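This report sets out selected features of one protein structure for the reader at the bench. Please keep the sequence and the coordinates to hand while reading.

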Amino acid sequence: MSFYICLFFLVFIFSFCYTYSVDKNVAVCLKSIVFLLLFIPSALRYGIGTDYENYVNIFYNILNNVDVRTEVGWVLLNKFCISFNLDVQWVFILSTFFTIYYMFKTPKKDFFIVIVLFFCLFYLDSYNITRQGLTMAICWYAYLCFINGKKKKCYLYVIISSLFHTSGLIILLCFLIIDKAKLLNKKVVNILIIGCFLLSYTNILMNIISILLSFTKYGVYLEMLEYYNEQSTGLGSIFTLFIRTIVILILFNTFKYTRNSTENKCILFFLLFLEFSDVVSLDLHMANRVKMLFYLAYIMIMMPFYQQNGDVILKIKKVGFISFFVLYYLLLKLITGANAIIPYQMIKF
């Protein structure tokens, strides 16, 4: 655990220095250091993460012409490595490179806050759920395209992301909804967030989801709901959902609308999607993977929020929110095990 904590502080310091650096040469050096800090541990990891062996098995199945059930983009990435007689480790090297590459598309002024949240929210998870980590990073770049008016480019990149993990199609649907929707006022958003939370005390959502799943190939998972419910429900789960909901409400009501109405719409709707998926994941354990997609909402809202100028109270709030993400989504994750990525192991040269 100490390895990841040390890594975080190094990334924190160098990304902060990069964002506020003035000299171009120094900036390039600092950004390169941050890239290497994130890239090397992830690219050279070995045997850690509950899904590590699955990725290795996929590689060797493709190598031996055995049919595999995974996304076409991941198959092509594996075949690319095989065609150049590269070892399975190159699958992790390349996927890590592109995950960080697309996060580094973030503008310099926003780099510090985005990379710190990226580390807390899904960098460590990408050691385990590698495909989804790559998908989320590509979706982040697609979001940057979307708020800058490059919507066709956004849709193209989201589709590309779905080639590595099908969940990217959920983000595509979200962008299509946001593109056609009107900007909601804050009162409506508050009511919807609170309404989503109150749904956690009912069976309404679960009944609707059960009906929808019964018409798909995922209907088989309904038989496992009783087991997963025992793992994910109870007073503890409701309490932690309550804490996350309060944080969303405070963060949202502290946030001031930007001049970019598209950015505002994305922030509002992704916060709602995050709260909704958080509630669903209480009853449907497997929805936690979908919920992770909407962690992007935290980065979306913190990016302009961190740029706001204000008094000491606002600065305290900024520190408070960053501290929450570090303590809740990083340290707590490490303490509870972080999907078998502890202890860290690197390949032997």
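The sections below treat the nonpolar core, the cysteines, the empty spaces, selected residues and the backbone.

The model is a predicted one, in which local features need pLDDT of at least 70 and side-chain atom pairs count only at pLDDT 80 or more, while totals for chains, interfaces and linings use all residues. Residues are numbered from 1 along each chain as its sequence is written, and side-chain values use heavy atoms, with hydrogens and water left out.

**Nonpolar core**

A nonpolar core is a set of buried Ala, Val, Leu, Ile, Met, Phe, Trp, Tyr and Cys residues joined through side-chain atoms within 4.5 Å. Buried denotes under 20% relative accessible area, exposed over 50%, and partly exposed the range in between, with a 1.4 Å probe and protein chains only. The largest such core holds 117 residues, and the members that touch the most others are Leu38, Trp140, Tyr143, Phe175, Phe270 and Met302. A second, separate core has six residues, among them Phe197, Ile238, Leu241 and Val279. In soluble globular proteins, nonpolar side chains tend to be buried together.

Contact is taken as heavy atoms within 4.5 Å. With residues up to four places away in sequence left out, Leu38 touches Val11, Thr96, Ile100, Phe104, Ile115, Phe118, Phe119 and Tyr123.

**Cysteines**

Why does the structure hold zero disulfides, when Cys17 and Cys145 each have a closest cysteine sulfur? A disulfide is defined here as a pair of cysteine sulfur atoms within 2.5 Å. The sulfur of Cys17 is too far for a bond from its closest counterpart, in Cys29, because 11 Å lies between them. The sulfur of Cys145 is likewise too far for a bond, since the closest cysteine sulfur, in Cys154, is 6.7 Å away. Cys17 is partly exposed, at a relative accessible area of 33%, whereas Cys145 is buried, at 3%.

**Cavity and pocket**

Both kinds of space are found on a 1 Å grid over the protein atoms alone: a cavity is a set of points where a 1.4 Å probe fits but cannot get out, a pocket is an open set with protein on both sides within 12 Å along at least five of seven lines, and lining residues have an atom within 4 Å of a point. Grid points are joined across faces, edges and corners, and a volume is the space filled by probe spheres set on the points.

There is one cavity of 30 Å³ or more, and the largest cavity has a volume of about 60 Å³. Its lining consists of Ser42, Arg45, Ser95, Thr96, Thr99, Ile100, Tyr123, Ser126 and Thr130. Helices (H or I, at least four residues) are DSSP runs numbered from the N terminus. Helix α5 (residues 89–103) gives the most to this lining, with four residues.

Thr96 lies in helix α5 and is buried, with a relative accessible area of 4%. A polar contact is a pair of N or O atoms within 3.5 Å; within protein, one must be able to donate a hydrogen and the other to accept it, and residues adjacent in sequence count only if both atoms are side-chain atoms. One such contact, of 3.0 Å, joins the side chains of Thr96 and Ser42. Beyond four places in sequence, Thr96 is in contact with Leu38, Phe39, Ser42, Ala43 and Arg45.

The second largest pocket has a volume of about 1,100 Å³. Among its 28 lining residues, His285, Asn288, Lys291, Tyr295 and Asn339 lie nearest the centre. Elements giving two or more residues to that lining are α12 (225–232), α13 (235–254), α14 (261–283), α15 (288–293) and α17 (312–335).

**Two helix residues**

Asp110 is in helix α6 (residues 108–123) and is buried, at 3% relative accessible area. Its side chain makes a polar contact of 3.4 Å with the side chain of Gln307.

Lys31 belongs to helix α2 (residues 24–43) and counts as partly exposed at 24%. Outside its neighbours up to four places away, Lys31 touches Tyr18, Phe104 and Phe111.

**Backbone**

Most residues other than glycine have a negative phi, and most peptide bonds are trans. The peptide bond from Ile342 to Pro343 is cis, with omega near 0 degrees, and Pro343 is found in the segment after α17. Two asparagines with positive phi are tabulated.

| Residue | Phi | Place | Relative accessibility |
|---|---|---|---|
| Asn65 | near 60 degrees | loop between α3 (52–63) and α4 (72–83) | 72%, exposed |
| Asn85 | near 55 degrees | loop between α4 and α5 | 74%, exposed |
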